[in-house]
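Got your viewer open? Let's take a walk through this one together, selecting one piece at a time.

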Amino acid sequence: MADKTLNKEATPLDETTWGHRWGYRDTRFVVNSDGSVKVTGARYAVSGYDMPGFIPFLEEVLDIKFDLADVKPERADKPVPPPIVNREFVNALAAALPAGRTSDDARERLLHSHGQTTVDEIYQVLYTHLDRVVDLVVYPQTHEEAADLVRLAAVWDVCLVPYGGGTSVSAALKLPADETRMIVSVDMRRMDAIEWIDRENMRACVQAGITGAHLEARLAEVGLTCGHEPDSMELSTLGGWIATNASGMKKNRYGNIEDIVENVTLVTPEGVIEQLTNMPRVSMGIEPQWLAFGSEGNLGLITRAVIRVHDLPAVKEYGSYVFPDFTTGTAFLYDLERAGALPASIRLVDNVQFRFGQALKGRPTAQEKLMSRVQQTFLESIKGFDLRQISAATVVMEGSAAEVAYQKAEIRRVAAAHGGVSGGAHNGQRGYMLTYAIAYIRDFLTDYHIIGETYETTVPWSRIHEVIAAVEQRSREMHREFGLPGQSYVSPRITQLYHTGVCIYFTHGFSARGVEHPDRAFAAIEHAMRETIMAHGGSISHHHGVGKLRRDFIPQTLTPAAMELLREVKDAADPTNVFGIGNNIFAMGERETTDFTDDTD
């Protein structure tokens with residue numbers, strides 16, 4: 001029996017978020033007069049207290065002196081060119097859609113003209129300018145309105161760009177500078193309804209514009225969860241997850257997005273692509289709906305999906321373990337995966353990120369200082385750990401009491417076999433929840449001439465340490481080549497486990513004070529890092545997607561015949577290139593061309 005859930009309308013211009021920068025307006029990192037750092041607001045566990053160790057940590061790992069007076073000025077007069085207007089399309093759209101569905105406001109247009117890629121988008125919009133800005137923003141509220149929009153765009157030769165949460169970090173929302181047609185951003189966030197819930201079969205039909213935070217909140221009201229928790233879940237959308245083939249932190253229990261979604265509705269200029277029935281699995285030959293996964297805005301609008309839902313877990317517990325070094329921690333993960341007792345989430349950080357977590361703590365009380373000395377003595381004197389080498393794993397366990405008890409016992413057993421020491425539930429919860437807050441650090445550091453980004457890859461178990469060592473070496477070489485100050489920050493963490501390998505998430509940054517065109521330097525270095533990753537056995541991406549940032553690595557990923565097949569699919573679904581965002585192989589002009597060029601300059 002299916003039951004209805006009300007649509008809660010989103011406003012076109014969300015004043016609770018920063019807009020160009022990451023996240024919510026009530027949250028930002030700020031420097032106090034004494035040099036300590038604080039996170040404003042009360043949204044996160046790290047909010048509201050002083051962090052005296054934050055800047056000293058940065059100075060140490062980057063080998064620089066942090067100048068609090070030298071702030072990079074953000075451009076106040078962000079240029080927005082006059083829109084290109086296709087008058088016939090605009091008139092037809094006004095006749096087809098209810099009032100209030102469109103906006104040509106300059107700020108709205110600029111906000112919808114980029115994602116969150118550091119050098120290709122954010123650096124440009126904040127400090128220089130964007131080469132191309134959308135000409136109109138449209139906010140469909142129903143599948144029918146979305147279909148009308150696509151139909152009219154095809155008739156009047158207009159370019160449509162799907163827009164979800166705007167959280168892409170692969171330059172997927174970067175607009176083609178040479179696009180001469182009217183570009184319309186399709187903001188899907190008003191399509192945020194749960195259309196129905198089927199409790200007996202544990203599935204729900206959800207509109208694609210819903211954010212992860214809203215989806216989980218509404219499902220929780222009726223005792224359910226989807227379980228998909230990417231780092232961006234507060235802001236990213238269901239449609240965006242499908243379009244990038246996303247992965248969440250709790251994929252061990254709930255699966256990646258392709259495991260969660262049962263059916264997809266994709267509106268293309270040639271019609272709607274979806275399965276006519278919802279089934280747990282079906283052998284029907286090639287399933288066209290799977291073309292939506294990883295489509296990155298190239299084929300059409302994802303308007304809704306049928307997803308699998310679960311009862312809220314009866315028990316949720318956190319844990320943490322400390323290991324002598326990253327290599328030992330990796331061996332622990334390998335054996336835990338083989339033991340078949342993976343918790344909902346388990347992540348391993350290296351020593352640099354472990355110390356970074358310590359730097360994000362507040363001023364300790366007398367009792368906390370005492371406990372810290374006791375713990376340090378235990379690790380160093382009794383366990384023989386080197387505090388400059390230790391790594392740490394954070395654990396989230398969900399399920400029935402019996403499931404969690406079993407996982408906890410198995411994790412403890414495997415950790416002990418590798419010399420692991422429990423760090424307690426509090427540190428586990430803190431480490432897991434830090435994920436949401438540390439995303440704000442990038443924008444704070446950019447203001448002080450420190451530029452950085454994260455990038456991820458899938459690596460076989462046998463190549464983990466080879467890839468990490470190669471990336472670290474290449475980073476040092478590129479740092480010297482560009483004559484950058486201090487030293488670079490390169491730190492890996494393992495975030496997802498598979499039978500045959502893992503996802504490695506790298507954080508990379510450096511001080512750019514005094515560097516001419518630091519965005520270009522970083523783009524070149526990041527490209528070299530990806531080149532190194534793939535040369536040593538890593539993948540083009542694990543869950544961020546290809547976009548424009550990694551499109552020149554596609555020939556190392558797919559055969560020419562595979563690429564030609566995808567182009568023919570594009571021709572069949574979108575023969576006039578209505579969805580002309582140009583991501584992945586669809587950025588290429590001539591089909592014969594396989595030598596992709598990097599456009600990050």
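## Stop one: strand 18 and its neighbours

Keep in mind as you click around that this is a predicted model. To begin, select Gly319 and Val395: Val395, in strand 18, is the bridge partner of Gly319. Now widen the selection to strand 16, residues 315-323, and you'll see the pairing this belongs to: strands 16 and 18 are antiparallel and share 9 bridges.

Next, colour residues 391-399, which make up strand 18. How many of its residues are buried? The count is 9 of 9, so the strand is mostly covered, with buried meaning under 20% relative accessible area.

Turn on the side chains here. In a regular strand, side chains alternate between the two faces of the sheet. On strand 18, Ser391, Ala393, Val395, Met397 and Gly399 point one way. Ala392, Thr394, Val396 and Glu398 point the other way, and both sets are buried.

Now add strand 17, residues 345-349, which pairs with strand 18 in the antiparallel sense over 5 bridges. To find one of the matched pairs, select Arg347 and look for Thr394, its bridge partner in strand 18.

## Stop two: on to strand 21

Stay with strand 17 and select Val349. Which residue of strand 21 stands opposite Val349? It's Arg493. Strands 17 and 21 run antiparallel and are joined by 2 bridges.

Select residues 489-497 to light up the whole of strand 21; here too, 9 of 9 residues are buried. From there, follow the chain through a hairpin of 3 residues into strand 22. Strand 22 covers residues 501-511, runs antiparallel to strand 21 and is joined to it by 8 bridges. For a pair to click on, try Ser491 and its bridge partner in strand 22, Thr507.

## Stop three: a three-stranded sheet

Jump back towards the start of the sequence. Here you'll find an open sheet of 3 strands in the order 2-3-4, paired antiparallel. Its edges are strand 2 (29-31) and strand 4 (50-51), each pairing on one side only. Select strand 3, residues 37-39, and you'll find 3 antiparallel bridges between strand 3 and strand 2. One of the pairs to pick out is Val30 with Lys38, its partner in strand 3.

## Last stop: a serine in a loop

Finally, select Ser232, in the loop between strand 11 (224-225) and helix 7 (238-244). Is Ser232 buried or exposed? Ser232 has a relative accessible area of 16%, so it counts as buried. Show what surrounds it: leaving out residues up to four places away in sequence, Ser232 touches Trp22 and Thr167.

How values were computed
Residues are numbered from 1 along each chain as its sequence is written. This is a predicted model: local features need pLDDT of at least 70, side-chain atom pairs count only at pLDDT 80 or more; totals for chains, interfaces and linings use all residues. Side-chain values use heavy atoms; hydrogens and water are left out. Buried means under 20% relative accessible area, exposed over 50%, partly exposed in between (1.4 Å probe, protein chains only). Helices (H or I, at least four residues) and strands (E, at least two) are DSSP runs, numbered from the N terminus. Two strands pair if DSSP finds at least two bridges between them. Contact means heavy atoms within 4.5 Å.
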